[in-house]
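The following note is addressed to a colleague who is meeting this structure for the first time. It takes up the contacts between chains and then one sheet.

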Amino acid sequence: MRRLGGLWELIVAAALVPVAFLVPHLVGDFRLFQLATVAVYFVAILGLAILTGWSGQISLGHGAFMAIGAYTSAILVFHHQWTDWLTIPVAGVVAGVAGLLMGIPALRLSGLYLALVTFALAVSVPSLIKKWESQTGGSSGLFLNLHSNAWLYRTTWIVAAILYVAAWLMLRGKFGRALRAVRDSEIAAASSGINLALVKTVAFGISAFYAGVAGSLLAITAAYVNPNSFPVTLSIYLLVGLVVGSLGGLLPLLLGAAFIEYVQVYASKLAPEKPGLPTLVFGAALILAVFAVSAIRPLVDRWHTVREQRGPAAVEET
Amino acid sequence: MLFFSGADFAQQVVSGLSSGGVYASLALAIVIIYRSTGVVNFAQGEMATFATFIAWSLMNHMSYWPAFALTCLIAFAGGVVVERVVIRPVEGTSVLTIVIVTLGLALVFNGASSWIWGAQVKSFDSPFSTRPIHVAGVAFSIQDIGIIVVSLLLVFALWLFFQFTKVGLALRAAAVNPAESRFVGIRVGWMLALGWGIAAMLGAVAGMMAAPVVFLDPNMMLPILLYAFAAAVLGGLDSPLGAVVGGLLFGVVLNLVSAYSDFVGGTLKLPVGLVVILLVLLFRPQGLLGHTSVRKV
Amino acid sequence: MPLLELDHVYASYGGVRALHDVSLAVDDGQVVGVLGPNGAGKTTTLRAISGVVHTTGAVVYRGKRIGKSPVQAARAGIAHVPEGRGTFAELTVDENLRLGAYTIRGRADERRVLTYFPWLGERRRQQAGTLSGGEQQMLALARALMARPRLLLLDEPSLGLAPRVVRSIFELVSKLNAEEGLTVLVVEQNANVALDHSHKAYVLEAGRVALRGVSAELRDDESVRRSYLGY
């Protein structure tokens with residue numbers, strides 16, 4: 001996840017665009033629904049990547065920002081009769097503001113402490129939803145409008161594509177460099193004039209914006225939200241998707257998103273009477289992925305050291 | 001606010017101490033691992049649930065206390081195995097990496113619990129009768145008192161272990177000073193495993209005390225884990241005494257707030273945990289009894 | 001056969017070489033000094049014996065190769081008092097002593113050790129971190145003795161201590177050597193006091209053995225003192 005895929009990634013992504021157009025003609029209707037859900041996870045994981053992968057702040061509570069986005073959309077649609085896709089940016093902004101607000105205390109909370117607080121936030125979300133029953137519909141939840149799976153597929157992937165390109169541009173530019181500097185060494189970053197507080201808070205806000213949009217998309221695809229849509233496991237699944245997809249750059253996160261969706265799909269097919277299988281698989285995958293990364297990391301570092309020793313010319317070739 | 005009856009208040013305090021005892025046990029588990037590794041084990045709750053399910057199965061074949069004891073042993077062994085097999089490979093990496101592994105463990109145990117025993121809620125026997133006992137004219141639940149007693153006995157037994165046995169001393173030494181401990185011949189890695197074993201056992205007890213009240217299902221310990229985090233943070237993450245004090249204190253406060261505040265009531269208990277964690281970590285991260293500069297391995 | 005032998009030992013930290021081809025021998029019942037300036041590799045020598053640092057070459061103790069881990073050394077009867085005393089500051093004096101006897105079966109016998117440090121007996125419940133530097137060094141020594149070691153590795157015992165205290169520590173080491181037959185390998189920057197209390201010494205320079213000899217001879221040789229020992 002350290003090195004951005006760069007131009008290659010954008011080329012591959014561009015090549016996928018015509019594929020995306022062909023897909024509805026090639027696969028069954030229900031597959032389109034699954035793929036729409038993959039898009040939802042992809043957007044959420046993009047957000048998490050910006051926060052954790054690029055600015056180095058861990059969040060175990062991104063499900064909470066998804067919930068904020070989802071319920072913003074649901075409330076606008078259900079209580080105020082908005083057109084659902086118009087609520088998407090609003091949901092993102094509302095969640096983004098919440099993220100900015102979360103980012104301020106987060107400045108004082110290092111790694112582990114931030115993990116604890118965001119975990120507590122994720123666990124508290126269903127309670128908070130149920131408390132404000134009049135708006136959120138409490139345990140009964142809220143309904144949104146139904147759409148065809150093809151419509152859902154198109155809408156979610158258009159949004160995902162836009163946000164992906166936005167993220168790519170953002171991270172290539174000055175902001176991305178600032179983020180990486182902050183992640184690698186806060187002291188060095190601060191002494192080169194980067195406003196740590198601003199960068200980290202903005203990262204939180206942007207990350208939450210993405211999660212909020214994802215939440216909104218989730219609400220629209222499911223056409224229903226209730227407190228149980230956002231358990232703490234959702235936040236951890238996002239982390240699994242991030243780790244599994246962290247091969248470098250943004251596009252591989254797509255694999256992470258697909259992983260989350262399809263493990264659940266196949267688990268319920270293979271072992272419908274055995275709940276808990278997807279959770280088990282995700283847990284094992286997360287542990288194995290971490291093992292793999294920590295085994296590979298020293299090798300990668302050694303490779304980089306060797307290249308440096310060969311001299312500046314060799315390094316410049318990369 | 002409602003009419004404030006003395007008897008009612010006393011009952012709520014005792015009831016709060018009882019849940020507090022459960023939180024304290026789990027918080028103690030968290031602190032033991034934190035002190036020796038700097039890592040918060042996010043799987044502590046799910047491991048406890050898994051152990052409680054094992055107890056449930058055992059209780060179909062034997063009476064309560066033998067099943068309780070056997071579960072404690074199994075949990076202990078499980079904790080040791082988990083540390084040696086899953087944590088040891090990532091021992092030298094950053095704290096956050098290990099935390100992510102514990103999150104993976106949490107998912108594994110949660111999924112395994114669902115897989116093996118199903119998601120349906122089960123009832124769990126209590127060794128204590130549900131009859132009330134009358135002290136000074138006020139009715140208290142024997143169950144509550146029983147839980148308080150068990151928790152305190154457990155903490156006392158652990159205290160004896162850490163203070164007066166060779167292994168307990170070695171564990172403490174390895175937690176505060178692993179490098180020096182090796183010079184004395186202590187196998188620090190096995191001390192860590194031992195710590196995980198003890199923590200798992202504490203979690204199992206917490207689960208078995210909680211299950212009769214909150215009923216047994218794969219997600220049973222999630223709220224309790226949050227409250228245990230709040231208790232541990234409140235008491236000081238590196239202070240075992242703090243975990244106990246924090247647990248009891250938080251249990252009582254939570255119960256009183258939930259009983260006497262209409263706003264909080266029964267619905268906003270979890271956010272109370274969130275608020276406590278946030279405020280303590282922001283304004284006094286060492287908690288009530290912890291130390292400011294917490295040593296890392 | 002010497003009690004301890006280092007045979008062409010190389011040691012490095014990361015990629016940096018700290019010991020080049022160091023060979024030395026310690027006979028049973030001797031006090032041997034390892035001297036030299038800062039950064040010469042003295043501490044690394046002890047670490048190589050305890051197995052804290054990665055080495056190539058042989059470290060042989062009582063005929064067996066050691067140097068895998070500090071735990072292995074401790075269990076073999078080697079007591080290592082590291083730089084900075086190595087006391088457990090947060091634990092009490094009593095607990096420090098009990099930890100010293102970790103590798104010994106059965107109950108820790110403090111009385112034997114306390115005959116050399118009677119004043120420690122009164123400070124049992126005191127937190128070790130609140131003792132003075134000299135007292136902590138004594139405590140570290142006492143802790144080492146609790147394991148009934150054959151070989152004592154002492155790393156810079158004089159660091160940060162007043163001369164009078166340093167002398168009393170070395171006098172104690174000599175006493176232990178004479179009365180209990182304790183073999184000692186002591187690393188010291190203060191060559192003067194080390195040579196006064198050892199049988200033989202090695203002088204290290206930039207990770208190599210620059211000089212070796214009988215302590216009394218080294219001490220009396222002015223040119224050696226001036227070139228190698230700085231006084």
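**Notes on chain contacts and a sheet**

1. Of the two pairs of chains that touch, chains A and B share the most contacts. The reader should bear in mind that this is a predicted model.

2. To the contact between these two chains, chain B contributes 42 residues and chain A contributes 37 residues. On the side of chain B that touches chain A, the elements giving two or more residues are α4 (95–117), α9 (221–235) and α11 (269–283) of chain B. The most comes from α4(B), which gives 18 residues to that side.

3. The composition of this side of chain B also deserves mention: 32 of its residues are nonpolar and 10 are polar, while no charged residue is found there.

4. Chain A and chain C, by contrast, are joined by no contact. The closest C-alpha atoms of these two chains lie 12 Å apart.

5. Chain C holds an open sheet of six strands with mixed pairing, and their order is β6-β7-β8-β3-β9-β10. At the edges stand β6 (78–81) and β10 (208–214) of chain C; each has a single partner strand, so one side of each lacks a neighbour in the sheet. On average, and with direction ignored, neighbouring strands of this sheet are turned by 15° against each other.

6. Within chain C, strand β3 (residues 31–35) pairs with strand β8 (residues 183–188) in the parallel sense, over five bridges. As one detail of the bridging, C:Leu35 has C:Glu188 in β8(C) as its bridge partner.

Notes. Residues numbered from 1 in each chain as written. Chains lettered and ligands numbered in written order. Predicted model: local features only at pLDDT ≥ 70, side-chain atom pairs only at ≥ 80, totals over all residues. Contact = placed C-beta atoms within 7 Å. Helix = DSSP H or I, 4+ residues; strand = E, 2+ residues; numbered from the N terminus. Nonpolar A, V, L, I, M, F, W, Y, C, P; charged D, E, K, R; others polar. Pairing = 2+ DSSP bridges. Axes fitted to C-alpha atoms, helices over the stretch in contact; angles between N-to-C directions.
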